[in-house]
Amino acid sequence: MSEPSIGTAIAGVVRRDLLLAARRKSEPLFTLGFFVLVASLFPLSIGPEPELLRRIAPGVLWVAALLAAMLSLGRMFAADYDDGTLEQLALAPVPLVTAVAGKVLAHWLVSGFPLVIVSPVLALQYGLPADVIAMLMLSLAIGTPVLSLVGAIGASLTLGVRGGGVLVALLVLPLYVPTLIFGAGAVDARLAGLSAAGNLSLLGACLALAALFAPLATAAGVRIALE
Amino acid sequence: MTNRLINWFRFGSPQSFYPLAGRMLPWFAALAAISGAIGLWIAFFVAPTDAQQGEAYRIIFVHVPAAWMSMFLYVVMACWAGIGLVLNTRLSAMMAHAIAPTGAMFAFLALWSGALWGRPTWGTYWVWDARLTSELVLFFLYLGYMALNAAIDDPRRADRAAAVLALVGVVNVPIIYFSVAWWNTLHQGASVSLMRAPSMAQTMLWGMLVMAIAFWMYSIAVALSRVRSIMLEREAHAEWARELIRQ
């Protein structure tokens with residue numbers, strides 16, 4: 001039997017995870033519902049002044065997206081860890097890193113990408129102009145993959161650990177700081193009529209770095225959990 | 001050369017490191033006490049009153065060395081964790097484990113003393129500037145490391161998982177620092193720099209350096225004492241540890 005190529009392996013893992021997500025329709029919707037709910041709570045607590053809401057919208061929407069992406073981290077490996085699929089992936093003839101990369105990609109498609117799609121609706125509620133909405137979508141499209149990649153490290157390290165959910169937040173949130181700053185900063189700059197190019201470039205740099213190193217660290221974490 | 005290698009590995013085993021740590025401990029503790037006394041004497045009696053900030057500036061004799069140590073200890077901790085992960089040595093992971101609480105304490109001390117200094121100087125306990133924020137994030141990284149260590153029951157697995165986290169954190173610390181440097185508002189520029197002459201009186205600099213040495217020695221002493229406890233705890237099944245506990 002010839003060994004599968006790395007591309008085939010990643011595609012196989014992604015297809016499997018997407019199929020599982022499609023069969024359990026409710027779970028991906030939880031993330032989305034959480035995002036919408038949190039974003040709608042802020043006007044209720046702060047007040048409906050349009051000026052104020054427009055001013056805080058970039059930060060609020062980014063924090064809501066970040067929390068929503070973090071909430072779904074627990075599901076990334078937990079089910080596969082419990083039923084032994086993760087061990088089979090570790091034994092597969094392709095490096096574990098590829099399986100991990102596939103799972104991270106699937107996680108982003110299920111819980112990161114929908115946030116990008118829904119964000120314009122929420123941005124309209126906050127009264128953002130069209131060009132700022134486009135910038136919000138762009139920054140989320142670059143930033144949410146970083147959240148999935150970095151979050152995967154935390155998810156792998158807390159596999160089968162007591163109080164895993166809260167622990168993941170403690171491990172991962174400090175590492176999310178740069179993504180949050182650059183992402184919200186890009187939208188803020190556009191809102192103030194400035195160029196967002198610097199923030200976007202740095203966000204892209206974060207994505208490149210995370211895409212390179214995070215799967216390696218995650219694979220190491222998975223191996224430690226499987227021992 | 002071979003001789004040295006053998007010695008090196010000999011002290012990599014908890015059984016032979018335990019008495020060595022016990023012998024080194026009083027020396028470092030004494031050095032910490034002496035340099036701390038000298039440093040505080042310079043800080044309170046020798047250093048002149050600052051023309052702009054008055055007496056309140058004397059907090060920096062604790063604040064700056066604490067901030068230095070908190071960052072330095074994180075790197076040291078990550079180094080031990082990395083060595084433990086690569087060479088699979090038990091003692092390295094125990095050292096990393098022993099350093100973490102001291103580092104977290106210094107990060108907290110730097111934040112706390114900074115707040116006390118900021119109130120009379122800037123008129124506010126807290127500002128969201130680059131260094132304060134990254135020090136706060138560093139404090140959270142320490143907490144995450146200790147929490148992960150505490151949450152995993154199997155000590156060997158806890159060592160390795162926490163080591164991966166420490167390495168990820170050490171890569172992220174500069175990124176976090178530069179990202180929060182965007183809104184650099186109130187904090188003054190670095191007072192001490194290797195590239196140019198320091199912008200403060202000589203005696204102040206000396207006081208700070210002596211205090212930094214005191215904190216350094218204190219960290220070593222506390223880490224050694226803590227690693228001795230960890231060794232006893234982990235090796236409680238071994239004959240040498242049982243004998244020590246029985247005594």
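Is B:S219 buried or exposed? I began with this residue in what is a predicted model. B:S219 has a relative accessible area of 4%, and because buried means under 20%, I entered it as buried.

I then looked up where B:S219 sits and found it in helix α7 of chain B, which covers residues 202–234. Leaving aside residues up to four places away in sequence, I noted that B:S219 touches B:M69, B:L73, B:T102 and B:F106.

**Cysteines.** I searched the whole structure for disulfides and found zero over all chains. I checked the accessibility of two cysteines. A:C206 counts as buried, because its relative accessibility is 12%. B:C79 stands at 45% and therefore counts as partly exposed.

**Helix α2 of chain B.** This helix runs through residues 14–46, which makes 33 residues. At 1.5 Å a residue, I expected a span of 48 Å; the end C-alpha atoms lie 44 Å apart, which agrees. I also recorded a kink of about 30° at B:M24, shortly before the proline B:P26.

**Cavities.** How many cavities of 30 Å³ or more are there? I counted two. The largest cavity holds about 50 Å³ of space. I listed its lining from both chains: A:L170, A:L171, A:P174 and A:L175, together with B:Y74, B:F140, B:L141, B:G144, B:Y145, B:L165 and B:G169. Which helices each supply at least two residues of this lining? I noted α8 (164–191) of chain A, and α5 (130–151) and α6 (155–180) of chain B.

Methods
Residues are numbered from 1 along each chain as its sequence is written. Chains are lettered from A and ligands numbered from 1 in the order in which they are written. This is a predicted model: local features need pLDDT of at least 70, side-chain atom pairs count only at pLDDT 80 or more; totals for chains, interfaces and linings use all residues. Side-chain values use heavy atoms; hydrogens and water are left out. A disulfide is a pair of cysteine sulfur atoms within 2.5 Å. Buried means under 20% relative accessible area, exposed over 50%, partly exposed in between (1.4 Å probe, protein chains only). Helices (H or I, at least four residues) and strands (E, at least two) are DSSP runs, numbered from the N terminus. The expected span of a helix is 1.5 Å times one less than its number of residues. The bend at a residue is the angle between axes fitted to the seven residues ending there and the seven starting there. Contact means heavy atoms within 4.5 Å. On a 1 Å grid over the protein atoms alone, a cavity is a set of points where a 1.4 Å probe fits but cannot get out, and a pocket is an open set with protein on both sides within 12 Å along at least five of seven lines; lining residues have an atom within 4 Å of a point. Grid points are joined across faces, edges and corners, and a volume is the space filled by probe spheres set on the points.
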